[in-house]
Every structure is written in C-alpha cells, then in structure tokens.
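Please open the model in your viewer and keep the sequence panel visible. The tour below proceeds from one selection to the next and states what is to be found at each stop.

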Amino acid sequence: MQSDSGQPSVEIFDITIMEPMVTFTDLWITSVCVYAFYKLAKLNKKGKVHQYIRWYFLIMAIATFLGGILGHAFQYAVGLSWKLPGWLISMLAVMAIERASIMHAQPVINDKFGRFLEVANVVELLTFAVITFTTLNFFFIQVHSAYGLGLVVLPLHFLVYWRTRNAGSRIFFLTVIFATLAAFFYTSEIGIHKWFNHLDVAHTVMAISMYFFYRGALKLEILKPEDIKEEKGTFWQTVKDGFRGVSA
C-alpha cells in the first residue's frame with residue numbers, strides 16, 4: 001500500500017502499517033514530550049507559567065501519538081477524517097505554550113497588550129479549529145503553529161531575554177527559530193530516502209525542538225522586578241548575545 005508521501009507500507013503479524021517510519025518519528029516526538037512532562041512534573045515548579053508548559057508537553061504527546069497511529073499507521077482503515085483528533089489537539093498544545101509565554105512576559109509588556117494577547121490566544125485557536133475541521137487541510141495547522149510560535153512565543157521570549165537576559169527565554173526563542181526547519185522540510189518535501197522522507201525529517205526537527213523547549217523550561221524562572229535591566233542594550237546586540245550565548 002503506497003501512501004501520498006511515497007513511503008511503502010509494511011506488514012507486521014499480518015497487520016498493515018502505513019508509513020511506518022513516519023509513524024515511528026511521530027512517536028519519537030511523543031516519547032520526548034512524555035519524558036519532558038514526567039521530568040517537569042517531578043520537578044513541580046510553581047506558577048501558571050510552568051503549569052502551562054507541563055500541559056504543553058502532555059497535550060503534544062497525546063496529539064503526536066494520535067497523529068502517528070490514526071493519521072499515518074492506520075489511516076487506510078479509519079479514513080482521512082481521523083487525522084483531525086491529532087491536528088486539533090496539537091492546536092491546544094500550541095495554545096498552551098502561547099499562554100505560558102504571555103504570562104512569563106507580563107512583567108515586561110503593557111498590561112493591556114497582555115490582556116489583548118490572552119484574548120487573541122483563544123480567538124485564533126477557535127478560528128483555526130473551525131477552518132481545519134471544515135476543510136480537513138493540514139495547511140491551517142501549519143498557519144496556526146506559525147502564528148503561535150513565530151508571532152507570539154518567539155517575540156515574547158526574545159523581549160524577555162532583551163530586558164532580563166533570562167537563560168530560559170534565550171533557549172525558547174532560539175528553539176523556535178530552529179523549529180522553522182520543520183516547516184521548511186515539510187513544505188519543500190525534501191527528504192533523505194523513501195524510508196526517511198520529508199515528513200520524517202520534519203518530525204526529527206520537531207523532536208529535537210521539543211527537547212530544547214524542555215531544556216528551556218528547566219531554566220525558566222518567574223521574573224522579578226529586580227531582574228529587569230535598566231541598560232538592556234540594542235536590539236542587534238541582544239541578537240548577537242543570544243546566538244553567542246553571552247549573558248550580560
């Protein structure tokens with residue numbers, strides 16, 4: 001059985017597994033998320049920021065598990081519509097990391113702007129969920145993720161790093177930049193082999209990104225007024241510091 005991605009199916013104990021490597025790399029993301037959730041839950045850092053981050057990993061673990069099993073391995077048996085559970089749940093995960101980022105950045109942003117972002121966080125989720133449900137098009141999942149990570153998580157954590165040199169925020173904004181490679185490989189359909197195609201490469205980038213989000217969460221501390229620096233430096237100096245790992 002040939003999938004749209006071109007990856008052949010395999011049979012294990014007379015059970016057909018569609019896109020086996022795509023399924024495996026999806027479950028690889030699941031494993032990283034479960035590991036991160038377990039470690040962070042055990043650490044049990046206080047505050048809503050850390051609570052939302054833990055939810056992010058748990059929800060993403062569920063989403064990628066369902067995506068691997070229903071959206072790839074057994075899609076031939078359940079149909080295209082069963083991609084929706086994994087897709088829609090992944091949108092909840094993106095919402096969680098957005099919400100964590102908004103709350104983390106509250107000390108360095110305007111209160112009204114913070115409240116606006118919190119409302120927009122819900123509105124964009126509902127909007128893209130309805131569009132995705134009615135179109136069954138993964139493109140809108142990509143747009144939602146691009147908005148959430150690229151226009152909310154990245155700039156907020158960069159701003160926090162700019163104002164405080166918070167090590168956790170540095171890892172977060174750099175990880176979002178790295179994670180854009182997943183979208184590049186997915187849309188360009190550049191793969192290594194039929195057994196490690198563009199979906200596998202994109203999933204691998206995502207798995208690595210999840211691990212670094214976890215590393216960032218370990219270093220993420222609730223901001224205090226004394227953390228905000230009077231001399232924050234220029235935008236470009238902050239960019240250079242971030243990429244060099246220089247802390248002021």
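**The pair H1 and H2**

In this predicted model, select H1 and H2 together: their crossing is left-handed. H1 covers residues 20–43 and H2 covers residues 48–73. The two helices pack at an angle of about 160°, and their axes are 8 Å apart. Since angles over 145 degrees count as roughly antiparallel, H1 and H2 are therefore roughly antiparallel to each other. Colour the contact of H1 with H2 by residue class, and 17 nonpolar, six polar and two charged residues appear.

**The loop between H1 and H2**

Next, select Asn 44, which is found in the loop between H1 and H2. Asn 44 is not a glycine, yet its phi is positive, at about 55°. Is Asn 44 buried, partly exposed or exposed? Its relative accessible area is 36%, and a residue counts as buried under 20% and as exposed over 50%, so Asn 44 is partly exposed.

**The largest cavity**

Which residues line the largest cavity? Select Leu 40, Leu 43, Lys 45, His 50, Ile 53, Arg 54 and Ala 217 to display the lining. The space within this cavity amounts to about 40 Å³, and the count of cavities of 30 Å³ or more comes to one. H1 and H2 are the elements that give two or more residues to the lining of the largest cavity. H2 supplies the largest share of that lining, with three residues. Sorted by class, the lining of the largest cavity comprises four nonpolar, one polar and two charged residues.

**Helix H3**

Proceed to helix H3, residues 75–78, and select Ala 77 within it. With a relative accessibility of 55%, Ala 77 counts as exposed. Now add Met 18 to the selection and draw a distance between the two C-alpha atoms: Ala 77 and Met 18 are 59 residues apart along the chain, and their C-alpha atoms are separated by 9.8 Å.

**Helix H5 and the loop that leads to H6**

Move on to Arg 115, which lies in helix H5. Arg 115 has a relative accessibility of 48% and counts as partly exposed. A second residue to select here is Ile 102, which is 13 residues from Arg 115 in sequence. From C-alpha to C-alpha, Arg 115 and Ile 102 are 9.0 Å apart in space.

Helix H5 spans 111–135, and Leu 136 has its place in the loop between H5 and H6. What is the sign of phi at Leu 136? Phi of Leu 136 is positive, near 55°, in a residue other than glycine. Leu 136 has a relative accessible area of 30% and is partly exposed.

**The pair H6 and H7**

Hide the earlier selections and show helix H6 (139–164) with helix H7 (167–188). These helices pack at an angle of about 155°, and the distance between their axes is 8 Å. H6 and H7 are therefore roughly antiparallel to each other. The crossing in which H6 passes H7 is left-handed.

While H7 is on display, select Phe 178, a residue of this helix. Phe 178 is partly exposed, its relative accessible area being 31%. Add Met 206 and draw the distance between the C-alpha atoms: Phe 178 and Met 206 are 28 residues apart along the chain, with a C-alpha separation of 9.1 Å.

**The largest pocket**

Keep Met 206 selected for the final stop, as Met 206 is among the lining residues that lie nearest the centre of the largest pocket. Which other residues lie nearest that centre? Phe 138, Gln 142, Tyr 186 and His 203 complete this group, while the whole lining consists of 44 residues. The volume of the largest pocket is about 1200 Å³.

To see where the lining comes from, show H1, H2, H4 (84–105), H6, H7 and H8 (198–219), the elements that give two or more residues to it. H8 gives the most to the lining of the largest pocket, with eight residues. Colour the lining of the largest pocket by class to close the tour: 23 residues are nonpolar, 16 are polar and five are charged.

How values were computed:
Residues are numbered from 1 along each chain as its sequence is written. This is a predicted model: local features need pLDDT of at least 70, side-chain atom pairs count only at pLDDT 80 or more; totals for chains, interfaces and linings use all residues. Side-chain values use heavy atoms; hydrogens and water are left out. Helices (H or I, at least four residues) and strands (E, at least two) are DSSP runs, numbered from the N terminus. Buried means under 20% relative accessible area, exposed over 50%, partly exposed in between (1.4 Å probe, protein chains only). Axes are lines fitted to C-alpha atoms, for helices over the stretch in contact, and angles run from 0 to 180 degrees between N-to-C directions. Angles under 35 degrees count as roughly parallel, over 145 as roughly antiparallel, 65 to 115 as roughly perpendicular and the rest as oblique. A crossing is left-handed if the near helix is turned anticlockwise from the far one by less than a right angle, and right-handed if clockwise. Ala, Val, Leu, Ile, Met, Phe, Trp, Tyr, Cys and Pro count as nonpolar, Asp, Glu, Lys and Arg as charged, and the others, Gly among them, as polar. On a 1 Å grid over the protein atoms alone, a cavity is a set of points where a 1.4 Å probe fits but cannot get out, and a pocket is an open set with protein on both sides within 12 Å along at least five of seven lines; lining residues have an atom within 4 Å of a point. Grid points are joined across faces, edges and corners, and a volume is the space filled by probe spheres set on the points.
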